[in-house]
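Here is a short note to read with the model open beside you. Take the points in order and find each piece on screen as you go.

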Amino acid sequence: MNDGKIFRLGILGSGKGSNFAAIADAIAAGSLPATVAVVISDVRDAGILDLARQRGIPTRFIEPGLFRTKLDDTAESAYVSALNEAQVDCILLAGFMRILKGAFLREFDGRVVNIHPSLLPSFPGLNAWKQALNYGVKVTGCTVHLVDQGVDTGPILGQSAVPVLDRDTHDSLHARIQVAERKLYPEIVARLARNEIEVKGRMARDR
Ligand code: GRF
């Protein structure tokens, strides 16, 4: 993904933005050779936009349109245009609560990355930490993966395991997974920025 020029990230989020903050902090600390070109949210007052503004990073709120779980066609083209205007090399989903498909994924094929709070392919979809606790697994974690047309099904770029403790509640387990996310996501994005990962079909390997 990189030919020596600075690796430009577009970040999409709907929530508080702790993963975005971890990415921005890793860039500031010099461990992630990239720049955040734009942060875009479908939620006007999302915390992620405040965190980006505090860091002087360009932000956009873009209306998601008619649907609750995806972008409508007008919104999808607005998102595509904003990301292209920002000349992004890679799009990071950081708590973006809408499914992306069709034209968006064709435009940015193989360049959209997500972090999911379970060890995929276990527990895809919403509230994965609740699914894991309710199922009774003893280990869960988080997964960084490329986004494809399915829900949480794309090639896996990296994973981190988190123990499930007997005393865990949904909240305590989610908090421990988020600590692991904030370490894993910047590490994997740094490897992408350094062009260290090769993806062939489902398989992501060291280049
Ligand atoms: C994270 O837990 C991530 O796994 C999921 O959405 C959450 C976003 O949290 N995809 P934040 O907005 O990054 O704090």
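1. How many bridges join strand β1 to strand β2, and do they run parallel or antiparallel? Strand β1 covers residues 7–12 and strand β2 covers residues 34–41. The two are joined by 6 bridges and run parallel. Find G10 to see the pairing up close: V38 of β2 stands opposite G10. Keep in mind that this is a predicted model.

2. Now step back to the whole sheet. It is open and has 7 strands, in the order β3-β2-β1-β4-β5-β6-β7. The pairing is mixed. The edge strands are β3 (59–61) and β7 (156–163), and each of them pairs on one side only. From one strand to the next, the twist averages 20°. A general point helps here: strands of a sheet pair through backbone hydrogen bonds, and the pairing is either parallel or antiparallel.

3. Look at β5 and its neighbours next. Strand β4 (residues 90–93) pairs with β5 in the parallel sense, over 3 bridges. Here L93 has N114 of β5 as its bridge partner. Strand β6 (residues 139–146) pairs with β5 in the antiparallel sense, over 4 bridges. Here H116 has T143 of β6 as its bridge partner. So both senses of pairing meet at β5: parallel with β4 and antiparallel with β6, where each is one of the two ways in which strands can pair.

4. Is strand β5 buried or exposed? Strand β5 spans residues 112–116, and 5 of the 5 residues are buried. That is why β5 is largely enclosed by the rest of the structure. Check both faces. V112, N114 and H116 lie on one side, V113 and I115 on the other, and all are buried.

5. Helices come next. Helix α4 (residues 102–107) belongs to a β-α-β unit with β4 and β5, and this unit is right-handed. Helix α3 (residues 73–85) lies across β1, β2, β3 and β4. The helix α3 runs at about 160° to β2.

6. Compare two threonines. T140 is found in strand β6. T140 is buried, with a relative accessible area of 1%. Its contacts include P117, S118, L119, A132, S160 and A161, leaving aside residues up to four places away in sequence. V162, V164, L173 and I177 are also among the residues that T140 touches. T153 sits in the loop between β6 and β7. T153 is partly exposed, with a relative accessible area of 36%. With residues up to four places away in sequence left out, T153 touches H145, D148 and R202. A22 makes a useful ruler: T153 and A22 are 131 residues apart in sequence and 24 Å apart in space, C-alpha to C-alpha.

7. Check the backbone in the loops. The peptide bond from L120 to P121 is cis, with omega near 10°. P121 lies in the loop between β5 and α5 (128–135). F123 is also placed in the loop between β5 and α5. F123 is not a glycine, yet its phi is positive, about 55°. At 13% relative accessibility, F123 counts as buried, because buried means under 20%.

8. Which residue in the loop between β6 and β7 has a positive phi of about 60° although it is not a glycine? It is D152. At 15% relative accessibility, D152 counts as buried.

9. Do not skip the hairpin. Strand β8 (residues 197–200) and strand β9 (residues 203–206) pair in the antiparallel sense, over 4 bridges. K200 has M203 of β9 as its bridge partner. The hairpin has 2 residues between the strands, and G201 takes a positive phi near 60°.

10. Finish with the rings. The structure holds 3 aromatic pairs. Where does the charged end of K70 sit? It sits over the ring of F67, 4.6 Å from the ring's centre.

Conventions: Residues are numbered from 1 along each chain as its sequence is written. This is a predicted model: local features need pLDDT of at least 70, side-chain atom pairs count only at pLDDT 80 or more; totals for chains, interfaces and linings use all residues. Side-chain values use heavy atoms; hydrogens and water are left out. Rings of Phe, Tyr and Trp (its six-membered ring) pair if their centres lie within 6.5 Å; planes under 30 degrees apart count as stacked, over 60 as edge-to-face and the rest as tilted. A charge sits over a ring if NZ of Lys or CZ of Arg is within 6 Å of the ring centre and within 35 degrees of the ring normal. Buried means under 20% relative accessible area, exposed over 50%, partly exposed in between (1.4 Å probe, protein chains only). Two strands pair if DSSP finds at least two bridges between them. A crossover is right-handed if, with the strands pointing away from the viewer, the path from the first strand over the helix to the second runs clockwise. Axes are lines fitted to C-alpha atoms, for helices over the stretch in contact, and angles run from 0 to 180 degrees between N-to-C directions. Contact means heavy atoms within 4.5 Å.
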